[in-house]
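Hi,

Here is the structure you asked about. Please open it alongside this note; my findings follow below.

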Amino acid sequence: MTDKTSPGKVDMDKMVSLCKRRGYIFQSSEIYGGLGSCWDYGPLGVELKRNIKDAWWKTNVQEREDMVGLDSAIIMHPQIWVASGHVEGFSDPLVECKNCHLRWRTDAITEGKCSSCGGELTEPRMFNLMFRTFMGPVEEQASTVYMRPETAQGIFVNFSNVLTTSRKKLPFGIAQIGKAFRNEITPGNFIFRSREFEQMEIEYFVKPGNDEKWFNFWLEERLNWYIKLGIDKDHLKLRHHGEDELAHYARDCYDIEYLFPMGWAELEGIANRGEFDLQRHSLSSGRALNYFDEETGQNITPFVIEPSAGVDRSTLAFLLDAYEEEQDKEGIRVILHLHPSLAPVKVAVLPLSRNEKLVPLSREIWSRLRSSWMTQYDDAQSIGRRYRRQDEIGTPFCVTIDFQSLEDNAVTVRERDSMQQIRVPIDNLKAVIAAKLAGEAFEEANPGGS
Ligand code: GAP
């Protein structure tokens, strides 16, 4: 990691425009003029986001012996948010411009004046970020419920259910991916800060005293996950929270920051929450959330290490870091160097032309590949234009079917990053692409090919 400070290779406007043009991300409710800081994921965006979540789940749940998953409800008992401290403390200080009435978080104000019109500001007052709604037919205080602002609390209140049914021993973790909602005062920077977003959270329960060791373990583990999936390590750094910025539940916290176009900003938070949450819910519910330690014969309240990542922020970071522009003789070639496991489309099938003999063979190959991967079939315009279209959305492999294919039953496979092309027998095509997606070189994946 370096102390690189200048933002990366693409500005946010260009990324927003690419995402809209190619069907990654659209503004929510666009035909009604949009809704502040809510976003819809299009055909490619939904695949990318799902691949990110799958990669996270595979690394953190499937491949670990000490982790299990959970999918808890978004709307939970309102007392949970009292016990967790969110009703009282999940607030941002807010000021209002006396002139234009725009509201700002105090940390978004630099010169003591409204950032929009320069007007005078009111004194700060606290503004709770939780969305509220009513459960049942009566809209009254007693029926108020909250849209969860973090998935974590669903894990804490299920601690005993999961412990008893999974029979895990400390240390062990519970992982959850799901939507969270925050009525952010100054959202922005595209999907970086929105009002509806997804989190990927782990609550990792450890014996008190072992928390520092596991805190350090998760810092390294989580940082490496982004690097393994293709983010340049010089665009990532760990930032330690000062005492004055720690969340109300945290004993210690680091942010994994990414070098976004607007500068370094939080991608994931990793906190040592101590025994705060289990203890608060035990007291508030009257149900003991303990662990029986066989070594000492005592009930203990485990400490919690929490790596908490944002799906949307990860999506943005993976897109930004993958982006490259290359000048060639036909102009600018845009390439998304997405890791193959994250790329929305793995293989594009491109008949050289719409010739009546090439089309049936191409469609047959396409249908064979579709059972294994997300694919696209494209026969419009020149082959060069079609390669560029696939490069721009990050498709790692293009399969071209030409007239020679009718003779030799082989096709050309082109690799996005190297632009290397090899000839592969149709019968080997699936095996070659599978080997390539698993990271093998072209030569190893296609023995006997050319
Ligand atoms: N349970 C701990 C927790 O929620 P957080 O730092 O407030 O901690 C964790 O949020 C992650 O969730 C952040 O690092 C970020 O990736 C994502 N996140 C938080 N607020 C967000 C927002 N308004 N829009 C998009 N992502 C957000």
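Buried residues make up 51% of the 450 residues in the chain. Please keep in mind that this is a predicted model. The chain has 14 helices and 23 strands. Along the principal axes, its C-alpha atoms fill a box of roughly 75 × 65 × 50 Å. The chain exposes about 21500 Å², and carbon and sulfur atoms supply 48% of that area. I also looked at contacts between residues at least 6 apart in sequence: 65% of them join residues at least 24 apart.

Now the ligand. The shell around the ligand holds 21 residues. E150, E184, S194, E201 and E266 are the closest. By type, the shell divides into ten charged, six nonpolar and five polar residues.

Three side chains are worth a look on screen. In E266, a side-chain N or O atom is 2.6 Å from an oxygen atom of the ligand. In E306, a side-chain N or O atom is 2.9 Å from a nitrogen atom of the ligand. For R273, the distance from a side-chain N or O atom to a ligand nitrogen is 3.5 Å.

How much of the ligand does the protein bury? Taken alone, the ligand exposes 560 Å², and the protein buries 92% of that. Three elements give two or more residues each to the shell: β10 (196-206), β13 (263-274) and β16 (303-310). The largest share, five residues, comes from β13.

Next, the nonpolar cores. In soluble globular proteins, nonpolar side chains tend to be buried together. The largest nonpolar core here has 58 residues. M15, Y24, W225, Y226, F260, L316 and F318 have the most contacts inside this core. Take L316 as an example. Leaving out residues up to four places away in sequence, L316 touches M12, M15, N189, F190, I191, F192 and F260. Another core lies apart from the largest one. This second core has 22 residues, including I365, W373, F397 and A435.

One last stop is helix α11, residues 383-393. Which of its residues are buried? They are R386, Y387, R388, Q390, D391, E392 and I393. After α11 comes G394, with a positive phi near 90°.

If you only have a few minutes, start with E266, E306 and R273 around the ligand. Then turn to L316 in the largest core.

Best wishes

Notes:
Residues numbered from 1 in each chain as written. Predicted model: local features only at pLDDT ≥ 70, side-chain atom pairs only at ≥ 80, totals over all residues. Heavy atoms only, no water. Near = heavy atom within 4 Å. Polar contact = N/O pair within 3.5 Å; in protein donor to acceptor, adjacent residues only side chain to side chain. Areas by Shrake-Rupley, 256 points an atom, 1.4 Å probe, with all protein chains shown as cover. Helix = DSSP H or I, 4+ residues; strand = E, 2+ residues; numbered from the N terminus. Nonpolar A, V, L, I, M, F, W, Y, C, P; charged D, E, K, R; others polar. Core = buried A, V, L, I, M, F, W, Y, C linked by side-chain atoms within 4.5 Å. Buried < 20%, exposed > 50% of the residue type's maximum accessible area, 1.4 Å probe, protein only. Contact = heavy atoms within 4.5 Å.
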